[in-house]
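Here's a quick briefing to read with the sequence and the 3D view open side by side. Have a look at the picture below, then work down the bullets at your own pace.

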Amino acid sequence: MQELSDTLARAARKTIQPLAKSTGSPTTVDEEYNVWMAHGVEPEHSDVLGYWRNKTVQTTFPVLFRIAMDYLPVQATSVPSERAFSSSAETDTPRRNRLGPTLMEATQVSKYLVKRDRLSFTSHMEHMPSDE
């Protein structure tokens, strides 16, 4: 959590100083950061996104909020992208190497939907009356 606080402080200094000069706002990054630290940061195991979604926090710490919104969406791991490449390698084999980009994308999306039970090519058959 201390690392996140230090990162926010460094990014805030870079962001708010030009902003304060252009808007004439008396608030500096350091002042806002010091107030935020004195206010008490959220515990390490709390919902960080929930904390920054709070309108009071957004209006009290507008610059830190903007910085948090720049850093929080950053993906912490490359596993989902690695999984996508692995899945496409299974599709684009030496025997099936003539798929164009559009068809390859459609195939990958279809595979994903079928694996997640969001797409079924036989669901209509399950509800058909039998021919007895």
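What follows is a short tour, from the overall fold down to single residues. Keep in mind that this is a predicted model. The protein has eight helices and zero strands, and its largest pocket holds about 240 Å³ of space. Helix α6 gives the most to the lining of that pocket, and helix α6 is also where you'll find S88 and E90.

**Overall fold**

- Reading along the sequence, you go through the pattern α-α-α-α-α-α-α-α, with zero strands anywhere in the protein.
- The protein has 132 residues, and 20% of them are buried.
- Take the contacts between residues at least 6 apart in sequence: 45% of these join residues at least 24 apart.
- The accessible surface adds up to about 10,200 Å², and carbon and sulfur atoms account for 56% of that.

**The largest pocket**

- If you're hunting for the largest pocket, look for about 240 Å³ of space.
- Eleven residues line the largest pocket, and the closest to its centre are R83, A84, S87, Y112 and R116.
- Two elements, α6 and α7 (101–115), give two or more residues to the lining.
- Of these, α6 gives six residues, the most to the lining.
- Sorted by class, the lining is made up of five charged, three polar and three nonpolar residues.

**Helix α6 and its contacts**

- S88 sits in helix α6, which spans residues 79–91.
- Is S88 buried or exposed? S88 counts as buried because its relative accessibility is 18%, and the cut-off for buried is under 20%.
- Leaving out residues up to four places away in sequence, S88 touches M104 and Q108.
- E90 is in helix α6 too, but E90 is partly exposed, with a relative accessible area of 49%. Exposed would need over 50%.
- Which residues does E90 touch, not counting those up to four places away in sequence? The partners are R96, K111 and K115.

**K111, seen from helix α7**

- K111 lies in helix α7, and the contact with E90 shows up again from this side.
- Setting aside neighbours within four places in sequence, K111 is in contact with S87 and T91 as well as E90.
- S87 is worth a second look here, since S87 is also one of the residues closest to the centre of the largest pocket.
- K111 and S88 are 23 residues apart along the chain, and their C-alpha atoms are separated by 9.7 Å.

**Aromatic rings**

- A pair of aromatic rings is described by two things, the distance of the centres and the angle of the planes.
- There are three aromatic pairs in the count.
- One of them joins Y51 and W52, with 5.1 Å centre to centre and 85° between the planes, which makes the pair edge-to-face. The cut-off for that label is over 60 degrees.
- Both partners are tucked away: Y51 is buried, at 10% relative accessible area, and W52 is buried too, at 3%.
- Ring pairs also bring in Y33 and W36, so that Y33, W36, Y51 and W52 are linked into a cluster.

**D117, a loop residue**

- Where is D117? D117 is placed in the loop between α7 and α8 (123–126).
- The phi angle of D117 is near 55°, a positive value in a residue other than glycine.
- D117 is exposed because its relative accessible area is 72%, and over 50% counts as exposed.

Definitions and conventions
Residues are numbered from 1 along each chain as its sequence is written. This is a predicted model: local features need pLDDT of at least 70, side-chain atom pairs count only at pLDDT 80 or more; totals for chains, interfaces and linings use all residues. Side-chain values use heavy atoms; hydrogens and water are left out. Helices (H or I, at least four residues) and strands (E, at least two) are DSSP runs, numbered from the N terminus. Buried means under 20% relative accessible area, exposed over 50%, partly exposed in between (1.4 Å probe, protein chains only). Contact means heavy atoms within 4.5 Å. On a 1 Å grid over the protein atoms alone, a cavity is a set of points where a 1.4 Å probe fits but cannot get out, and a pocket is an open set with protein on both sides within 12 Å along at least five of seven lines; lining residues have an atom within 4 Å of a point. Grid points are joined across faces, edges and corners, and a volume is the space filled by probe spheres set on the points. Ala, Val, Leu, Ile, Met, Phe, Trp, Tyr, Cys and Pro count as nonpolar, Asp, Glu, Lys and Arg as charged, and the others, Gly among them, as polar. Rings of Phe, Tyr and Trp (its six-membered ring) pair if their centres lie within 6.5 Å; planes under 30 degrees apart count as stacked, over 60 as edge-to-face and the rest as tilted. Accessible areas come from the Shrake-Rupley method with a 1.4 Å probe; for residues, only the protein chains shown count as cover.
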